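Good morning, and thank you for joining this session. I would like to take you through one protein structure, element by element. Please have a look at it before we begin.

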Amino acid sequence: MNPSLNKIEKRTRYDLVKRTKMENFCLLNGRYTRRGQTVLLGDSITEIFNWYELFEGFTRETGQSVYNRGISGDTSDRLLERLEPNALNIAPRNLVILIGTNDLGVGAPISFTVENVEKILRRSRESLPELNLVLQAVYPVNKHLNSAARYMVGRRKNEIIARLNAELRPVAERYGAHWLNLTPKLTDAQGNLSGEYCYDGLHLNTRGFEIAAQGILPLLAR
């Protein structure tokens, strides 16, 4: 890894809180989860997903549990690190991935994220050939909502997010993953994340998560 990427990797190292969350998921996977279920894997946007309520009908219909394995602040390299102990080791039927916005937040180049996501999908496919994979496009942002949004969005830009998504799509297709791009449904007339669907320019509110769930559910294997 070149020196600039090495600096990025150091910035993405887990603190005590994040490492504890990862270890908690390892314990839950080892003692309490069932194989063949659905796993949501990602960063804070996944962690705060109102998944229990929004996937309750799916669970009633299929008998599948939906396990949330989101960790706030996660980047693609750290998600790769915990892929096996937090997701693959319980042989999920569905694996839904949303990752990359925090890579941009720490200044990682697009190539850094694409390389890590490709490794995530490759390992998932090699480990579980029948796994139903869903890769979500990185959501747009909106720094214009308020001062909190300017802080939360930071160096993320929708132009760069669009370029990242353009490179992630063929990676998803290469590994037989469903590509789910919710950008058209989440953006306002100016091309920013709509204030109707978020509260800080980065994280979705429940209205936004309704749209995410509506996009994900038809792609899940029953």
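Let me start with a question of detail: which residue caps the N-terminal end of α12? It is N205, with a side-chain oxygen that lies 3.1 Å from the backbone nitrogen of R207.

Please bear in mind that this is a predicted model. The mean pLDDT of the protein is 96, and 99% of its residues reach 70 or more. Among the elements, strand β3, residues 94-98, has the highest mean pLDDT, at 99. The lowest mean, 77, belongs to helix α1, residues 3-11. As a general caution, where pLDDT is low, the predicted coordinates should not be read in detail.

I turn now to the sheet. It is an open sheet of five strands with parallel pairing, and the order is β2-β1-β3-β4-β5. At the edges stand β2 and β5, the latter covering 178-180; each has a single partner strand, so one side of each is left without a neighbour in the sheet. On average, and with direction ignored, neighbouring strands are turned by 15° against each other.

Let us follow the pairings across the sheet. Strand β1, residues 38-42, pairs with β2 in the parallel sense over five bridges, and the bridge partner of G42 in β2 is G70. β1 also pairs with β3, again in the parallel sense and over five bridges; here L40 stands opposite V96. β3 in turn pairs with strand β4, residues 132-136, in the parallel sense over four bridges. Within this pairing, V96 has V134 as its bridge partner, and N94 has N132.

Two helices pack on the sheet. Helix α6, residues 76-86, touches β1, β2 and β3, and its direction makes about 160° with that of β1. Helix α8, residues 110-127, touches β3 and β4, and its direction makes about 170° with that of β4.

How many residues of strand β2 are buried? Five of the five residues of this strand, residues 66-70, are buried, so β2 is largely enclosed by the rest of the structure. In general, side chains in a regular strand alternate between the two faces of the sheet. In β2 both faces are covered, with V66, N68 and G70 buried on one side and Y67 and R69 on the other. β3 likewise has five of its five residues buried. N94, V96 and L98 lie on one side of β3, and L95 and I97 on the other.

Which residues have the most contacts inside the largest nonpolar core? They are L95, I97, L121, L135 and L168, in a core of 36 residues. β1, α6, β3, α8, β4 and α10, the last spanning 158-174, each supply at least two residues of this core. Setting aside residues up to four places away in sequence, L121 touches I97, L133, L135, V171, A172 and Y175. A second, separate core has 23 residues, among them L40, L186, L193 and Y197.

Finally, I return to helix α12, residues 206-216. Its buried residues are G208, F209, I211, A212, A213, G215 and I216. What covers them includes α3, α4 and α11, together with the strands β3, β4 and β5.

Thank you for your attention.

Terms used. Residues are numbered from 1 along each chain as its sequence is written. This is a predicted model: local features need pLDDT of at least 70, side-chain atom pairs count only at pLDDT 80 or more; totals for chains, interfaces and linings use all residues. Side-chain values use heavy atoms; hydrogens and water are left out. pLDDT is the predictor's confidence in each residue, from 0 to 100. Buried means under 20% relative accessible area, exposed over 50%, partly exposed in between (1.4 Å probe, protein chains only). Two strands pair if DSSP finds at least two bridges between them. Axes are lines fitted to C-alpha atoms, for helices over the stretch in contact, and angles run from 0 to 180 degrees between N-to-C directions. Contact means heavy atoms within 4.5 Å. A nonpolar core is a set of buried Ala, Val, Leu, Ile, Met, Phe, Trp, Tyr and Cys residues joined through side-chain atoms within 4.5 Å. A polar contact is a pair of N or O atoms within 3.5 Å; within protein, one must be able to donate a hydrogen and the other to accept it, and residues adjacent in sequence count only if both atoms are side-chain atoms.
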